[in-house]
2 protein chains.
Amino acid sequence: MYEGAVQDLIDELGRLPGIGPKSAQRIAFHVLEADAEDMMRLADAIRTVKDKVKHCSICFNVSEQETCSICRDERRDRAQICVVEESKDVMAIERTRTFRGRYHVLGGSINPIAGIGPDQLHIRELLTRLQNAEIEEVILATDPNLEGEATATYLARMLGSTGLKVTRLASGLPVGGDLEYADEVTLGRAFEGRRNVAG
Amino acid sequence: MYEGAVQDLIDELGRLPGIGPKSAQRIAFHVLEADAEDMMRLADAIRTVKDKVKHCSICFNVSEQETCSICRDERRDRAQICVVEESKDVMAIERTRTFRGRYHVLGGSINPIAGIGPDQLHIRELLTRLQNAEIEEVILATDPNLEGEATATYLARMLGSTGLKVTRLASGLPVGGDLEYADEVTLGRAFEGRRNVAG
């Protein structure tokens, strides 16, 4: 409907998650009318994220450096590793201020329908990390949905023979929901109530 | 919460209309994980809109050229001018395929609370256009809300002495809707505007 550049922008915006055609149009017109400097900052922010942000070489959390700020932080407890699906989950847990250990981001969950098996996740790297004698506990904090539970069960079985304490976040998280959307109190409770699932 | 570049992007996205903090975070992580080429295309689309898209010098619709595609189209009826608030309204009317005249985009509506009076809108330019002898009818298609009605009333009074035909879009029941769910004002307008259908 629109001329070239405006329609191009509407098309690109419409491909973003949660942006429908009406929202894409509204945002495109906002871009058109807004301060040029603000919009160039937005365009640059997109470029910068793609250019500069990588994954931490230890835990696979997002990071602008070789290792993320949590892995670099000497005050974090080296005895605990919390296994999550995504970097978003790290931030959700950090907001609860309940956990002082380190993380391991799997990069997703086991989902046979989508063709994602254990080999597509950072499980091998987790096993390598767990060979470090400092580590005492692995907390399985995958999402409380079908794929997250399957992933936790898989990891619990695999880690059963290691002699490590392997725990799972307590129920209290609404089943079927996404970890990142849980409120801080619920997520904090879930941390406190984590149970032994292997051994 | 996040490191530099990711947080910068979340902040910039959160300033867009209709994008809350959760959506901004979800989109930022999508940018992070998505194909780099796709994301560079999005960044470029934003830049291109700011660099290339201007307003038509005749009707103030969005345009990449000096005049917009509608004003350049020789097949459009020069006798009718449809006055709207925004370029988005031009597209909404174009989708109906009902109107074959030209447009005039005011750039908003009269809103004393927001400090927008007739001088902040492209009303002077409209009056200049209307001096052209080709024009026979001015259709006031501002929004059917308080500000849009005030703007239409202002224009109707101003154009009363020109001898031009000045019309306003009909108010009434939305097609496909239920009469019982219509608000009182709309239903009242539908009554006032009732038309003879027999004989």
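## A sheet in chain A and a shared interface

Start with chain A, where five strands form an open sheet in the order S4-S3-S5-S6-S7, with mixed pairing. Strand S4 (102–105) and strand S7 (195–196) of chain A sit at the edges with a single partner strand each, so one side of each has no neighbour in the sheet. Keep in mind as you look around that this is a predicted model.

Take one of those edges up close. S4(A) pairs with strand S3 (residues 80–84) of chain A in the parallel sense, over four bridges. If you want a spot to zoom in on, find A:Val83, which stands opposite A:His104 in S4(A).

Now zoom out to chain A as a whole. The domain assignment splits chain A into domain 1 (4–52) and domain 2 (74–198). Taken over C-alpha atoms, the centres of domain 1 and domain 2 of chain A are 35 Å apart.

Next, bring in the other chain. How many residues does each chain bring to the contact? Chain B gives 53 residues and chain A gives 55 residues. Together, chain B and chain A bury about 5,200 Å² between them, and carbon and sulfur atoms account for 67% of that area. On the chain B side, B:Glu3, B:Ile46 and B:Lys50 lose the most area to chain A, together making up 13% of what that side buries.

Polar chemistry has its place here too. There are 16 residue pairs in polar contact between chain B and chain A, counting pairs with both residues at pLDDT 80 or more. Which parts of chain B give two or more residues to the side that touches chain A? They are helix H1 (4–14), helix H2 (21–33), helix H3 (36–52), strand S2 (62–63), helix H4 (69–72) and helix H5 (87–96) of chain B. H3(B) supplies the largest share of that side, with 15 residues. Sorted by class, the side of chain B that touches chain A holds 26 nonpolar, nine polar and 18 charged residues.

Finally, the salt bridges. Over all chains the count is 22 salt bridges, and across the interface of chain B and chain A there are four. One to look up is the salt bridge between the side chains of B:Arg41 and A:Glu12, at 2.9 Å from N to O. That pair crosses between chains, from helix H3 of chain B to helix H1 (residues 4–14) of chain A. Then there is A:Asp44, which forms a salt bridge with B:Arg47, where the closest N and O atoms are 2.6 Å apart.

Definitions and conventions. Residues numbered from 1 in each chain as written. Chains lettered and ligands numbered in written order. Predicted model: local features only at pLDDT ≥ 70, side-chain atom pairs only at ≥ 80, totals over all residues. Heavy atoms only, no water. Contact = heavy atoms within 4.5 Å. Buried area = accessible area lost by both parts, 1.4 Å probe. Polar contact = N/O pair within 3.5 Å; in protein donor to acceptor, adjacent residues only side chain to side chain. Nonpolar A, V, L, I, M, F, W, Y, C, P; charged D, E, K, R; others polar. Domains from an automatic or database assignment. Pairing = 2+ DSSP bridges.
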